[in-house]
Amino acid sequence: MSNNIDNLMHEERRFPPSAEFAAQAVGKADLYDAAKKDRLGFWDKQAKELLHWHKPYTRVLDWSDAPVAKWFDDGELNVAYNCLDRHVLAGNGDRVALYAEGEPGDQRVYTYSELTAEVKRVANVYLSLGITAGDRIAIYMPMIPEAVIAMLASARIGAVHTVVFGGFSSDSLRSRIDDAQAKLVVTADGGWRKGKVFPLKPTVDAALEAHGGGSTVTNVLVVKRGENEVTWTAGRDIWLHEAMAGVDAEHEAQGFPAEHPLFILYTSGTTGKPKGILHTTGGYLTQAAFTHKNIFDLHEEKDVYWCTADVGWITGHSYVVYGPLANGATQVVYEGTPDAPHPGRWWEIIEKYKVSILYTAPTAIRSFMKLGREIPAKFDLSSIRVLGSVGEPINPEAWIWYHDIIGGGTAPIVDTWWQTETGAIMIAALPGVTTLKPGSAQVPIPGVVIDILDEQGVPQEKNSGGLLVISEPWPSMLRGIWGDPARFQETYWEKFGDKYFAGDGARYDSDGDIWLLGRVDDVMNVSGHRLSTAEIESALVGNQIVAEAAVVGAADETTGQAVVAFVILKKSHVDDQTPEEASAILRKHVADQIGAIARPSKVYIVEELPKTRSGKIMRRLLQDVAEGREIGDTTTLTDTGVLSIISAQVH
Ligand code: ATP
Ligand code: MG
């Protein structure tokens, strides 16, 4: 990647931690020293300090069956006990675990005692339906507390959940049920979204009736939430509240081996057909809890934490359910969309619950930028003290906006790089230690070893880039792709043997900090120059009229590939010029910022971009459009209408 153009890294703003923040920080610089001195000893210490073990382990890591790692494998623990009972037994039963805010504004509050009681009953319901350890449970729910309860109850009895995002179609649900061979589905009649009830149960019915009806599912448990009409299959369908009334309130959590499976979760499908990622318990919970506590500087007795992710994504697993609850945190879960019933809904929630730690995605930040700063300015956001970002590279301009407008100009932002496969955060700053750089995820967390290699596998150093790999096994790593060991081997391990190939491009700057440059598949080659999507998109978002941008390389006879950009303008600037003028301004802007080589051959001004349900831009589909090809797999796309509109504009 010698011809790479590294405009992105000319970002020069720096944000060192304040003295007050550093003094009170949970994670200190000595974590790096300890992990460097004795990596396995470091994780051993975390596992012992952060978790309760029903049976202590004697082995930390067994890598003899690589690439399938075993961590703490002769120990036993119960994940739900770690997230619930032990906090109650430690005298914290009255601490709020969940502030559950419904979209219509209804509120339910669960203390740790109350949440424990609910989970025990649901565990007994599962057992009464013949679910035993190792059986798969599909969870298809709105973002309501019962989704969290359903997951924890599964973990409690050693069952394996597979959460399917509640916005997915019956086909997507059915293919995941079939792939995981789920015995039970937990769902709701419906949930609230954009001011109305959207039904879920009919989608489950349709999924189970498809392919002639014969599926592995024997029962469907239904939470009453939307109060919408539902049809009922006698003998199969059961109201959860009725079943809970009929079972014992007590349930004693037993320990399961640390390598017992916890869940299967399908990836977002940004780059292709989703993969069913398998995670287990001991190592996963150790790294989820460690990162949640240290990266977000959690002071569990006083912070109010809010991660806006849906439980249908890995972020919802590790940073709504398992990490925060293992740490005894108090958190907000919100059912609805950011703009219902008004565009300041999130900021209203932050004001209402005095949220002090907010974790969200760049896509959300950029959509708020598009609407303008006047909206958050109407609310009191002074409780915020730490901000997090995940899911895509955060462009420096979006970083600064987030920092100034939401973080009051003082809250540190931790940009966290990780994947469904990694289970927990892998690259991120420690907010009390690291001097922050907008746009860079910066450094591997203590205990994780990351390298950037060239195509030949040669490690890169300062001021050079290539392919991101994880060089040593980590506690929360995936243990495989469910039912597909060949794809596991081929996707992650074929390229560099014993080093995990992440599929993302990255670069070191002159300080040795890491910058994520986008998917390896998305790197463009323009007249022999390798250009990353992230840097051209950041240049575009750096222009004051732009809210969001997506860049792809389209086949071009003279240059190999040509840069094609799709841009959303800020509401406040839409009428300042015609689309043709905007396009000309932005082509020049990129040429000025990066160089003539990066000047887009076309800039399309659009209203929306095609995104996955988890909010990531699907560049592969834009490339299909730009090259006039048939559009690829769109099953995890939010809205296919967006693509038809863009296609019409391009052709
Ligand atoms: P699929 O693997 O099916 O294509 P996906 O990769 O989008 O889907 P996820 O596991 O949800 O599925 O996303 C992980 C990817 O998200 C990473 O590989 C990376 O490309 C991107 N990502 C996540 N966090 C960051 C971040 N902080 N900075 C840059 N990129 C990020
Ligand atoms: Mg991926």
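Here a trainee and a mentor talk through a predicted model of a protein with a ligand.

Trainee: Let's start with the ligand. Of the 20 residues around ligand 1, which come nearest?

Mentor: The shell around ligand 1 holds four nonpolar, nine polar and seven charged residues. Strand 20 (413-416) and strand 25 (514-519) each supply at least two residues of that shell. Those that come nearest are Thr267, Ser268, Thr270, Thr271 and Thr420.

Trainee: How much of the area that ligand 1 exposes when taken alone does the protein bury?

Mentor: Look first at the polar side-chain atoms of Thr267 and Ser268. The one in Thr267 lies 2.6 Å from an oxygen atom of ligand 1, and the one in Ser268 also lies 2.6 Å from an oxygen atom of the ligand. In the side chain of Thr271, an N or O atom is 2.5 Å from a ligand oxygen. Taken alone, ligand 1 exposes 640 Å², and the share of this that the protein buries is 95%.

Trainee: Now to Ile617. Is Ile617 buried or exposed?

Mentor: Find Ile617 in the loop between strand 30 (602-605) and helix 20 (619-626). Beyond its neighbours up to four places away in sequence, Ile617 touches ten residues you can look up, including Thr270, Arg366, Glu392 and Leu622. Its relative accessible area is 2%, and a residue under 20% counts as buried, so Ile617 is buried.

Trainee: Which helix gives the most to the largest nonpolar core?

Mentor: In soluble globular proteins, nonpolar side chains tend to be buried together. The largest nonpolar core here has 164 residues, and Tyr126, Leu152, Tyr322 and Leu468 touch the most other members. With eight residues, the helix that gives the most to this core is helix 7 (residues 145-156).

Trainee: And how many residues are in the other core, the one that includes Val546?

Mentor: Leu152 is a good place to start in the largest core, as one of the residues touching the most other members. Leaving aside neighbours within four places in sequence, Leu152 is in contact with Ala80, Leu115 and Tyr322, among others. Apart from that core lies another, with Val546, Ala582, Leu586 and Val603 among its members, and its size is 22 residues.

Trainee: One last stop. Which side chain does a polar contact of 2.5 Å join to that of Asp44?

Mentor: Asp44 lies in helix 3 (residues 39-50). Setting aside neighbours within four places in sequence, Asp44 is in contact with Tyr57, Val60 and Phe72. The side chain joined to that of Asp44 by the 2.5 Å polar contact belongs to Tyr57.

Key: Residues numbered from 1 in each chain as written. Chains lettered and ligands numbered in written order. Predicted model: local features only at pLDDT ≥ 70, side-chain atom pairs only at ≥ 80, totals over all residues. Heavy atoms only, no water. Near = heavy atom within 4 Å. Polar contact = N/O pair within 3.5 Å; in protein donor to acceptor, adjacent residues only side chain to side chain. Areas by Shrake-Rupley, 256 points an atom, 1.4 Å probe, with all protein chains shown as cover. Helix = DSSP H or I, 4+ residues; strand = E, 2+ residues; numbered from the N terminus. Nonpolar A, V, L, I, M, F, W, Y, C, P; charged D, E, K, R; others polar. Buried < 20%, exposed > 50% of the residue type's maximum accessible area, 1.4 Å probe, protein only. Contact = heavy atoms within 4.5 Å. Core = buried A, V, L, I, M, F, W, Y, C linked by side-chain atoms within 4.5 Å.
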